[in-house]
Amino acid sequence: MGDYLLSKGLFLSLEHSDFRVLQLLSDAVREISEGELLQLEKSRSLNLREDVYFDIIRSKTASLLAASCAAGAFATSHDEVLTDKLRRFGEKVGIAFQIKDDLFDYGSESIGKPTGNDIKEKTDTPPDLHPEQYRQGHPQGDDLHY
């Protein structure tokens, strides 16, 4: 669904000759693709570094939310300062969202979507980067899926 909405935004931007919005969304497509390539490259090695993890989520989830916020801001205001502020806001929300989503894989409660996919796909997430921190700080302790 996300791919469809992004492609629809690109199409509408082009159709309405809104080249600034087209640029914002096209930059997100490039960043998402680069993030996916980085994740594929790094997934072959164990012990993903924390800075690389953040580069990946910044490039993938965060860039999509950042571009969405920026495109909405520019489309309604044509104010570059506001557009940049909302782009940065979207990036921070995207990073927070992805970290929380990654943590859901290690819980046992139902959250309305499948969990454990990162574990099955051997994708490193925060609990993999700092397992001692998550084992000690998790309220259910033994419910973690290690």
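**Exercise 1. Classify two neighbouring rings.**
Decide whether F54, at 23% relative accessibility, counts as buried, partly exposed or exposed.

*Solution.*
Step 1. Recall the classes: buried means under 20% relative accessible area, exposed means over 50%, and partly exposed lies in between (1.4 Å probe, protein chains only).
Step 2. F54 has 23%, so F54 is partly exposed.
Step 3. Now take Y53. Its relative accessibility is 3%, so Y53 is buried.

Before going on, note that this model is predicted: local features need pLDDT of at least 70, side-chain atom pairs count only at pLDDT 80 or more, and totals for chains, interfaces and linings use all residues. Residues are numbered from 1 along each chain as its sequence is written, and side-chain values use heavy atoms, with hydrogens and water left out.

**Exercise 2. Find the aromatic pair.**
State how many aromatic pairs a search of the whole structure finds, and say why the pair of Y53 and F54 gets its name.

*Solution.*
Step 1. The search of the whole structure gives 1 aromatic pair.
Step 2. The ring centres of Y53 and F54 are 5.3 Å apart, and their planes stand at 80 degrees.
Step 3. Rings of Phe, Tyr and Trp (its six-membered ring) pair if their centres lie within 6.5 Å; planes under 30 degrees apart are stacked, over 60 edge-to-face, and the rest tilted.
Step 4. The planes are at 80 degrees, so the pair of Y53 and F54 is edge-to-face.

**Exercise 3. Find a charge over a ring.**
Name the ring that the charged end of R20 sits over.

*Solution.*
Step 1. The test asks for NZ of Lys or CZ of Arg within 6 Å of the ring centre and within 35 degrees of the ring normal.
Step 2. The charged end of R20 is over the ring of F74, at 6.0 Å from the centre.

**Exercise 4. Count the helices and follow α2.**
Give the numbers of helices and strands in the protein chain, then compare the length of α2 with the expected one.

*Solution.*
Step 1. Helices (H or I, at least four residues) and strands (E, at least two) are DSSP runs, numbered from the N terminus.
Step 2. The protein chain has 7 helices and 0 strands.
Step 3. For a helix, the expected span is 1.5 Å times one less than its number of residues.
Step 4. α2 has 24 residues and spans 34 Å from its first C-alpha to its last, close to the expected 34 Å.
Step 5. The buried residues of α2 are V21, L22, L24, L25, A28, G35 and Q39. They pack against α1, α3 and α4.

**Exercise 5. Trace the contacts of S13.**
List the residues in contact with S13, leaving aside its neighbours within four places in sequence.

*Solution.*
Step 1. Contact means heavy atoms within 4.5 Å.
Step 2. S13 lies in helix α1 (residues 2-15). With a relative accessible area of 5%, S13 is buried.
Step 3. Beyond those sequence neighbours, S13 touches D18, V21, L22 and L25.

**Exercise 6. Build the core.**
Which residues make up the largest nonpolar core?

*Solution.*
Step 1. A nonpolar core is a set of buried Ala, Val, Leu, Ile, Met, Phe, Trp, Tyr and Cys residues, joined through side-chain atoms within 4.5 Å.
Step 2. The largest such core has 9 residues: L6, V21, L24, L25, A28, A67, A70, A71 and F74.
Step 3. α2 and α3 each supply at least two residues of this core.
Step 4. Look at A67. Leaving aside neighbours within four places in sequence, A67 is in contact with L24, L25 and A28.
Step 5. Apart from this core lies another, of 7 residues, among them Y53, I56, A62 and I95.

**Exercise 7. Map the salt bridges.**
Say how many salt bridges the structure holds, and locate the partners of the bridge between K60 and E36.

*Solution.*
Step 1. A salt bridge puts a side-chain nitrogen of Lys or Arg within 4 Å of a carboxyl oxygen of Asp or Glu.
Step 2. The structure holds 8 salt bridges.
Step 3. In one of them, K60 pairs with E36, and the closest N and O atoms are 2.9 Å apart. K60 is in helix α3 (residues 50-77) and E36 in helix α2 (residues 19-42), so this pair, 24 residues apart, links distant parts of the chain.
Step 4. K60 is partly exposed at 22%, and E36 is partly exposed at 34%.

**Exercise 8. Join bridges into a network.**
Which residues do salt bridges that share partners join into one network?

*Solution.*
Step 1. D84 bridges to R87, with the closest N and O atoms 3.2 Å apart. Both lie in helix α4 (residues 80-104), 3 residues apart, about one turn of the helix.
Step 2. R88 also bridges to D84, at 3.1 Å from N to O. These two are 4 residues apart in α4, again about one turn.
Step 3. An α-helix has 3.6 residues a turn, so residues three or four places apart point the same way.
Step 4. The shared partners join D84, R87 and R88 into one network.
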